[in-house]
Amino acid sequence: MMKTLITPSQVLALAFNGGEYLSQSAISEADIIAATVRYLQPVVGQELLEALQDEEYEGLLAEYVAPALAFAVRNLVQPSLTLRTGDSGVTAPKTDASTAAERHALIALMHSIKSRMRELIVRLSDHLNSHADSYPEYNPKLNILNRCSIDGGLVQIF
């Protein structure tokens, strides 16, 4: 199994506000691996990813990779946190003390999470491009953000 770069508790600390409570079991290692493969690997490449997994570049991991990856994990899991699947099908959580958020609030939350994730991934990419000589495993030609971007709904390939 792939070694994760961050732990579920780090995801909770980095991507959820202090007033939000989730148990650590809400985030699985599989969630972290899925976010790594989907969002991080296309930017850093396989070789740098392996170096990070081998605990090289602790500063890069702490300052740039961990925050971006934490928000990528939240982006993936937030829909399943909003809804629950059980014997009765898919339901929105509701208790005597609280009710599920309205649709427009959920849409705004997902937009905010996705926006922060993108900003942190671009920040990571910009750092890698500016300091490529510090990371010999990094190949800027393999960084998807150096070849493709989506701006205002328009896909640009260069």
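1. Salt bridges. Two salt bridges are present in the structure, which is a predicted model. One of them joins the side chains of Lys3 and Glu55, with a nitrogen-to-oxygen distance of 3.0 Å. Lys3 belongs to the segment before H1 and Glu55 to the loop between H2 and H3, so this contact ties together parts of the chain that are 52 residues apart in sequence. Lys3 counts as partly exposed, because its relative accessibility is 42%. Glu55, at 55% relative accessibility, counts as exposed.

2. The bridge between helices H3 and H4. Arg123 forms a salt bridge with Glu63, and the closest N and O atoms of this pair are 2.8 Å apart. Here, too, distant parts of the chain are linked: Arg123 is in helix H4 and Glu63 in helix H3, 60 residues apart. With a relative accessibility of 31%, Arg123 counts as partly exposed. Glu63 also counts as partly exposed, at 42%.

3. The loop between H2 and H3. Which backbone feature marks Glu55, a residue that is not a glycine? Glu55 has a positive phi of about 65°. Most residues other than glycine have a negative phi. Tyr57 shares the loop between H2 and H3 and has a positive phi of about 60°, although it is not a glycine either. The loop therefore holds Glu55, a residue that is exposed with a relative accessible area of 55% and whose side chain meets that of Lys3 in the salt bridge described above.

4. A patch of negative charge. Which residues gather in a patch of negative charge on the surface? They are Glu47, Glu50, Asp54 and Glu56. Glu47 is part of helix H2, which covers residues 29-53. Is Glu47 buried or exposed? Its relative accessible area is 55%, and Glu47 is therefore exposed, since the cut-off for that class is over 50%.

5. The nonpolar core. The largest nonpolar core has 38 residues, and within it Leu48 and Leu60 touch the most other members. Four elements give two or more residues to this core: helix H1 (8-15), H2, helix H3 (58-82) and helix H4 (103-130). Which of these elements gives the most? The answer is H3, with 13 residues.

6. A buried arginine. Arg74 is located in helix H3. Its relative accessibility is 2%, so Arg74 counts as buried, the cut-off being under 20%. How far apart are the C-alpha atoms of Arg74 and Ala35? They are separated by 8.8 Å, while the two residues are 39 residues apart along the chain.

7. Overall architecture. The chain contains four helices and four strands. Read along the sequence, these elements follow the pattern α-α-α-β-β-α-β-β. The chain has 158 residues, of which buried residues make up 34%.

8. Helix H3 in review. Several of the points above concern this helix. H3 gives the most residues to the largest nonpolar core, and it is also the place of the buried Arg74. Glu63, which is partly exposed, lies in H3 as well and is paired there with Arg123 of helix H4.

How values were computed: Residues numbered from 1 in each chain as written. Predicted model: local features only at pLDDT ≥ 70, side-chain atom pairs only at ≥ 80, totals over all residues. Heavy atoms only, no water. Patch = residues over 30% accessible without salt bridge, like charges linked within 9 Å, V, L, I, M, F, W, Y side chains within 5 Å. Areas by Shrake-Rupley, 256 points an atom, 1.4 Å probe, with all protein chains shown as cover. Salt bridge = Lys/Arg side-chain N within 4 Å of Asp/Glu carboxyl O. Lys, Arg positive; Asp, Glu negative; His and termini not counted. Charge placed at Lys NZ, Arg CZ, Asp CG, Glu CD. Buried < 20%, exposed > 50% of the residue type's maximum accessible area, 1.4 Å probe, protein only. Core = buried A, V, L, I, M, F, W, Y, C linked by side-chain atoms within 4.5 Å.
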